[in-house]
Amino acid sequence: MSKHPHTIAERMAMLDASGIRKVFDLAAKMPNPINLSIGQPDFDVPETVKNAAIEAIRAGHNKYTQTQGTAALRAMLAEQCRDEFGWADASERPYLVTSGVSGGLLLAIQTLVDPGDEVVFLDPYFVMYSHLVNLAGGVPVPVDTYDDFRPDIDRLADAITDRTRMLIINSPCNPTGAVYTPEELQAIADLAERHRLLVVSDEIYNLFCYDQPFSSIASIYDNTLLLRGFSKSYAMTGWRIGWATGPQAVLEKMTMLQQYTFVCAPSMAQVAAMEAMKTDMTERVAAYRRKRDTVADSLGNAFGLVRPGGAFYAFVPAPGGDATAFVTKAIENNVLIIPGSVFSTRDTHFRISYATTDEELRQGMDILTDLAG
Ligand code: PLP
């Protein structure tokens, strides 16, 4: 018992890490697990980008930057948006360099969600969405997308009320690997337009899109808060850098909140991010496409997996529909995977990450297909 008991704020009771903690507690007892649980690339930061960061430190880029990020990086982001979305006014739009997409999500939700406000997103979902909404006193409204993980517009429409403040979408999706088609994005945009809703589009996996060119709702719907990052595309997870663009009024408040919280994104990472933007990741993405094929081919028949189109995850139906039971069995057999309940109101699937070596992936697939019986 501590000599100094602390009263913890009530809002902290809204955060619950029990699901994932159980998995990691079990994992800690595994001497040399086949780890298919990790949400980051197995490759390292490109050499040129590492050098840019080292050079940046040596050249004295070690101080606070402007809250919204350096002018040079923001100019590059504007150029990218002009090229990708055809925004003639790209350089006049606001850009905010954030401490990862996580930083952008925190700022966005704190900026936009009042206690009691509802935030709609598709289930299964990235865990942070529900936690950050809860932390703001809001109400997470997950909308079921089982079994094919496509966005169902009628279900989405049914979930919208006059308390709905935003719709969060995430394509390519963590944990399902679903990539939304231009038609699905158009239908979401039309729905959002009808309800005058802001769409927060978390596009952190935009580079990892295997079967179709990536499309962003930002190119068709003005009232989009676009969040992107460098963590996954360039393996810069520890460097904490991402960016946001969207409606002026929202970006202004997010920037003000950043001033009083994160202050700015890491300075040397902002310099290195410019080098990353010039780096061709085609080969890395092609290697991940092959890993996706390995997973889909191995688990497709054995488990009835819906072939994922992007990111580096597969969300696999657990035999008997009991994910926790199957994950326990997998862990007993030295394969670390995550039960679906960590990402969903249901516990019928498990997530595997194929961001690992081909050899480890092959071993993992062999064990899992054996376990499928
Ligand atoms: N959004 C999604 C869907 C993610 O999967 C992750 C990381 O796993 C993040 C955001 C956070 O990424 P960052 O490292 O940029 O904060």
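Trainee: Where does Leu15 lie with respect to helix H1?

Mentor: Leu15 sits in the segment before helix H1, which spans residues 18-28. Keep in mind that this is a predicted model.

Trainee: Why is Leu15 called partly exposed?

Mentor: Its relative accessible area is 35%. Buried would need a value under 20% and exposed one over 50%, so 35% falls in between and Leu15 is partly exposed.

Trainee: What makes the nonpolar surface patch that includes Leu15?

Mentor: Ile8, Met12 and Leu15 make that patch, which covers about 280 Å². Patch residues need over 30% relative accessible area, and Leu15, at 35%, passes that cut-off.

Trainee: Let's turn to the ligand. How do you know that Ser102 makes a polar contact with the ligand?

Mentor: A polar side-chain atom of Ser102 is 2.5 Å from a ligand oxygen. The cut-off is 3.5 Å between N or O atoms, so the pair counts as a polar contact. Ser231 also places a polar side-chain atom 2.6 Å from an oxygen of the ligand, while Val101 uses a backbone N or O atom, at 2.7 Å.

Trainee: How much of the ligand does the protein bury?

Mentor: Taken alone, the ligand exposes 400 Å², and the protein buries 92% of that.

Trainee: Which residues come nearest, and which helix gives the most to the shell?

Mentor: Of the 13 residues around the ligand, Ser102, Asp202, Ser231, Lys232 and Arg240 come nearest. Helix H4, residues 100-112, gives the most to the shell, with three residues.

Trainee: How do the shell residues divide by type?

Mentor: There are five nonpolar, five polar and three charged residues in the shell around the ligand.

How values were computed: Residues numbered from 1 in each chain as written. Predicted model: local features only at pLDDT ≥ 70, side-chain atom pairs only at ≥ 80, totals over all residues. Heavy atoms only, no water. Near = heavy atom within 4 Å. Polar contact = N/O pair within 3.5 Å; in protein donor to acceptor, adjacent residues only side chain to side chain. Areas by Shrake-Rupley, 256 points an atom, 1.4 Å probe, with all protein chains shown as cover. Helix = DSSP H or I, 4+ residues; strand = E, 2+ residues; numbered from the N terminus. Nonpolar A, V, L, I, M, F, W, Y, C, P; charged D, E, K, R; others polar. Patch = residues over 30% accessible without salt bridge, like charges linked within 9 Å, V, L, I, M, F, W, Y side chains within 5 Å. Salt bridge = Lys/Arg side-chain N within 4 Å of Asp/Glu carboxyl O. Buried < 20%, exposed > 50% of the residue type's maximum accessible area, 1.4 Å probe, protein only.
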